[in-house]
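This report describes the fold, the confidence and selected local features of one protein model. The sequence and structure are shown first.

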Amino acid sequence: MVTTARAHQAHQTQQETQQEAQQETPLEAELRRLAGSVPDPELPVLNLEELGVLRAVHTRGPGRVEVELSPTYTGCPAIEAMSADIERVLHEHGIPEVTVRPVLTPAWSTDDITPEGRRKLREFGIAPPRTTRTPADPVTIPLGPTRHAAAPATAEPLACPHCGSTDTELLSRFSSTACKALRRCLSCREPFDHFKEL
Ligand SMILES: [Zn+2]
């Protein structure tokens with residue numbers, strides 16, 4: 001009896017594992033593309049795919065879809081707007097039941113912004129976040145003695161999106177949104193937003 005129960009349990013677990021590891025179906029891929037084309041409510045120059053917040057789309061039954069979305073900054077409470085937009089787009093595509101589930105791990109980082117997204121930001125006059133592996137910004141958050149010794153979070157220089165000069169100064173840690181800082185280029189004198197690294 002015990003053996004049977006165990007075998008049954010093992011079988012169930014295996015089934016669940018298989019379900020989780022399942023490849024994306026053509027429908028899921030199509031819905032993910034649709035959800036990914038939704039513009040970021042804070043920065044409409046980017047869509048959710050380019051912003052890197054869309055983790056996955058799963059069909060959970062006929063007409064039932066679950067979307068996994070990672071929130072960006074806590075200071076950018078755009079996830080409700082993103083969720084509503086995704087629901088609307090998928091409803092319009094004939095999916096009556098759409099659930100948007102926030103995924104907190106792995107946490108979103110500005111490294112998740114795609115190369116295409118970075119290109120668009122620059123084109124829009126916003127200095128894209130530099131790629132970094134540490135979730136710290138040593139320029140705007142000086143932590144005094146506890147500050148991580150030498151290594152800066154990124155080796156990449158911050159360049160003016162207008163002229164490419166790396167000679168820039170910080171004007172304000174916060175621009176129109178908490179995600180961005182306001183800087184000025186010392187070469188072309190133009191102010192610009194910098195999408196801060198996270
Ligand atoms: Zn410049």
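## Overall architecture

Along the sequence, the elements of the protein follow the pattern α-α-α-β-β-α-β-α-β-β-β-β. This amounts to five helices and seven strands. The model is predicted, and the sections below should be read with that in mind.

The protein has 198 residues, of which 26% are buried. Of the contacts between residues at least 6 apart in sequence, 54% join residues at least 24 apart.

## Confidence

The mean pLDDT of the protein is 82, with 75% of its residues at 70 or more. Among the elements, strand 2 has the highest mean pLDDT, 97, and helix 1 (residues 2–21) the lowest, 49.

Two segments stand out in this respect. Over residues 1–5, pLDDT stays under 50, and the model has zero contacts beyond four places in sequence for them. Residues 15–19 likewise stay under 50 in pLDDT, again with zero contacts beyond four places in sequence.

## The two sides of helix 2

Helix 2 spans residues 26–36, and its residues Leu31, Arg32 and Ala35 are buried. These residues lie on the same side of helix 2, because they cover an arc of only 105 degrees around the axis. An α-helix has 3.6 residues a turn, so residues three or four places apart point the same way.

Which elements do the buried residues of helix 2 pack against? Their partners are two helices and two strands: helix 3 (48–51), helix 4 (79–92), strand 1 (54–61) and strand 2 (64–69). Strand 2 is also the element with the highest mean pLDDT. On the other side of helix 2, Pro26, Ala29 and Arg33 are exposed. Two arginines of this helix therefore differ in environment: Arg32 is buried, whereas Arg33 is exposed.

## Backbone features in two loops

The loop between strand 3 (97–102) and helix 5 (115–123) contains Pro106. The peptide bond that joins Thr105 and Pro106 is cis, with omega at about -5 degrees.

A further backbone feature concerns Arg189, in the loop between strand 6 (180–185) and strand 7 (191–195). Arg189 has a positive phi of about 70 degrees, although it is not a glycine. Is Arg189 buried or exposed? Arg189 counts as exposed because it has 10 C-beta neighbours inside 10 Å, and the cut-off for an exposed residue is 12 or fewer.

Conventions: Residues numbered from 1 in each chain as written. Predicted model: local features only at pLDDT ≥ 70, side-chain atom pairs only at ≥ 80, totals over all residues. Buried ≥ 20, exposed ≤ 12 C-beta atoms within 10 Å, placed from the backbone. Helix = DSSP H or I, 4+ residues; strand = E, 2+ residues; numbered from the N terminus. Arc of directions from axis to C-beta. Contact = placed C-beta atoms within 7 Å. pLDDT = per-residue confidence, 0-100.
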